[in-house]
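Thanks for coming, everyone. I have one model to walk through today. Please put it up on the screen.

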Amino acid sequence: MSSHYYDSKPTVGSERGEVSIDVNGERVTYSTDRGVFSKGEVDFGSRFLLETFVEPEVAGGILDVGSGYGTLGIAIAKTSNRHVWMTDINERAVALSKENATKNKVDSQVTVVQGSVLERIPDDLRFAAVVTNPPIRAGKDVVHQIFEDVHRVLENGGELWVVIQKKQGPSAKKKLVELFGDVEEVAKRKGYSLFRSRK
């Protein structure tokens with residue numbers, strides 16, 4: 001059986017690389033490897049979210065769910081003063097996130113944990129915003145579970161930002177409306193939609 005980026009222990013051999021992007025005038029560089037999502041470049045959906053994301057008015061930290069090698073969380077930490085939690089099920093991605101936090105000098109500003117959805121996020125934590133480029137290949141049930149769990153950990157007035165391919169957009173939008181009562185399509189570009197829901 002082949003290894004997927006949403007497996008907890010990738011079985012594919014290591015072949016490290018490095019990618020960089022510019023976010024709000026800051027250069028962010030990431031170490032990558034086989035067995036993690038989008039090893040060869042920062043994927044379009046994540047770049048789209050980072051280019052469009054606006055910090056919420058609510059005070060508090062930010063959570064990146066399905067953080068991979070730290071694409072969203074580390075860039076947001078580097079361009080804001082907020083503490084960022086990152087969680088991913090993939091142990092190789094988590095190790096890379098920790099390395100990339102140090103590489104980009106934000107290791108004191110981020111907390112990286114390994115677990116499925118929010119299983120390693122302390123129950124008493126609440127966040128001003130959650131960002132996610134959800135693992136579509138893991139299936140709709142997993143994506144909807146992410147939406148349900150993050151609704152619980154958002155502060156009142158906190159925001160969930162989701163970037164998703166348009167073909168998955170209608171079912172994602174329906175679920176977000178069910179949970180939040182409303183959803184805004186902030187932008188759309190090249191087959192992707194960016195949704196924001198406010199608690």
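I will go through the sheet, then the helices, then two loop residues.

First, a caution: this is a predicted model.

Let's start with the sheet. In what order do the seven strands lie? The order is 5-4-3-6-7-9-8. The sheet is open, and its pairing is mixed. Strand 5, residues 110-114, stands at an edge, and so does strand 8, residues 184-189. Each has a single partner strand, so one side of each is left without a neighbour in the sheet. From one strand to the next, the twist averages 15°.

Now the pairings. Strands of a sheet pair through backbone hydrogen bonds, either parallel or antiparallel. Both kinds turn up here. Strand 6, residues 127-132, runs parallel to strand 7, with five bridges joining them. In that pair, Val131 has Trp161 of strand 7 as its bridge partner. Strand 7 and strand 9 are antiparallel, and seven bridges join them. Trp161 comes up again here: Arg196 in strand 9 stands opposite Trp161. So follow Trp161 on the screen: Val131 is its bridge partner, and Arg196 stands opposite it.

Next, strand 8 and strand 9. Five bridges join these two, and they run antiparallel. Arg189 stands opposite Tyr192 in strand 9. The two strands form a hairpin, with two residues between them. As for burial, six of the seven residues of strand 9 are buried, so strand 9 is largely enclosed by the rest of the structure.

On to the helices. Helix 1 covers residues 44-52 and packs on the sheet. Which strands does helix 1 touch there? Strand 6, strand 7, strand 8 and strand 9. The direction of helix 1 makes about 125° with that of strand 8. Helix 1 is mostly covered, with seven of its nine residues buried. Those are Phe44, Gly45, Ser46, Phe48, Leu49, Leu50 and Thr52. The buried residues pack against several elements, including strand 1 (17-23) and helix 2 (71-79). Look at the start of helix 1 too. There, a side-chain oxygen of Asp43 comes to within 3.3 Å of the backbone nitrogen of Gly45.

Helix 4 also packs on the sheet. Helix 4 touches strand 3 (62-65), strand 6 and strand 7. The direction of helix 4 makes about 155° with that of strand 7.

Then helix 5. The 12 residues, 169-180, should span 16 Å at 1.5 Å a residue. The end C-alpha atoms are 16 Å apart, which agrees. Which residues of helix 5 are buried? They are Gly169, Ala172, Lys175, Leu176 and Phe180. These buried residues cover an arc of only 135° around the axis, which puts them on the same side of helix 5. Among the elements covering them are helix 4 (140-153), strand 7 (154-165) and strand 9 (192-198). On the other side of helix 5, the exposed residues are Pro170, Lys174 and Glu178. Just after helix 5 comes Gly181, with a positive phi of about 85°.

One stop in helix 3. Ser97 sits in this helix, which covers residues 91-103. Is Ser97 buried or exposed? Ser97 is buried, because its relative accessible area is 0%, and the cut-off for buried is under 20%. What is Ser97 in contact with, leaving aside its neighbours within four places in sequence? The list is Ser67, Gly68, Tyr69, Gly70, Ile74, Met86 and Val112.

Last, the two loop lysines. Some background: most residues other than glycine have a negative phi. Lys105 has a positive phi of about 60°, although it is not a glycine. Lys105 lies in the loop between helix 3 and strand 5. Lys105 is exposed, with a relative accessible area of 72%. Lys190 has a positive phi as well, near 50°. Where is Lys190 found? In the loop between strand 8 and strand 9, which is the hairpin turn from earlier. Lys190 is exposed, with a relative accessible area of 69%.

To recap: an open, mixed sheet of seven strands, with helix 1 and helix 4 packing on it. Helix 5 has its buried residues on the same side. That's the tour. Over to you for questions.

Definitions and conventions
Residues are numbered from 1 along each chain as its sequence is written. This is a predicted model: local features need pLDDT of at least 70, side-chain atom pairs count only at pLDDT 80 or more; totals for chains, interfaces and linings use all residues. Side-chain values use heavy atoms; hydrogens and water are left out. Helices (H or I, at least four residues) and strands (E, at least two) are DSSP runs, numbered from the N terminus. The expected span of a helix is 1.5 Å times one less than its number of residues. Buried means under 20% relative accessible area, exposed over 50%, partly exposed in between (1.4 Å probe, protein chains only). The arc is that of the directions from the helix axis to the C-beta atoms. Contact means heavy atoms within 4.5 Å. Two strands pair if DSSP finds at least two bridges between them. Axes are lines fitted to C-alpha atoms, for helices over the stretch in contact, and angles run from 0 to 180 degrees between N-to-C directions. A polar contact is a pair of N or O atoms within 3.5 Å; within protein, one must be able to donate a hydrogen and the other to accept it, and residues adjacent in sequence count only if both atoms are side-chain atoms.
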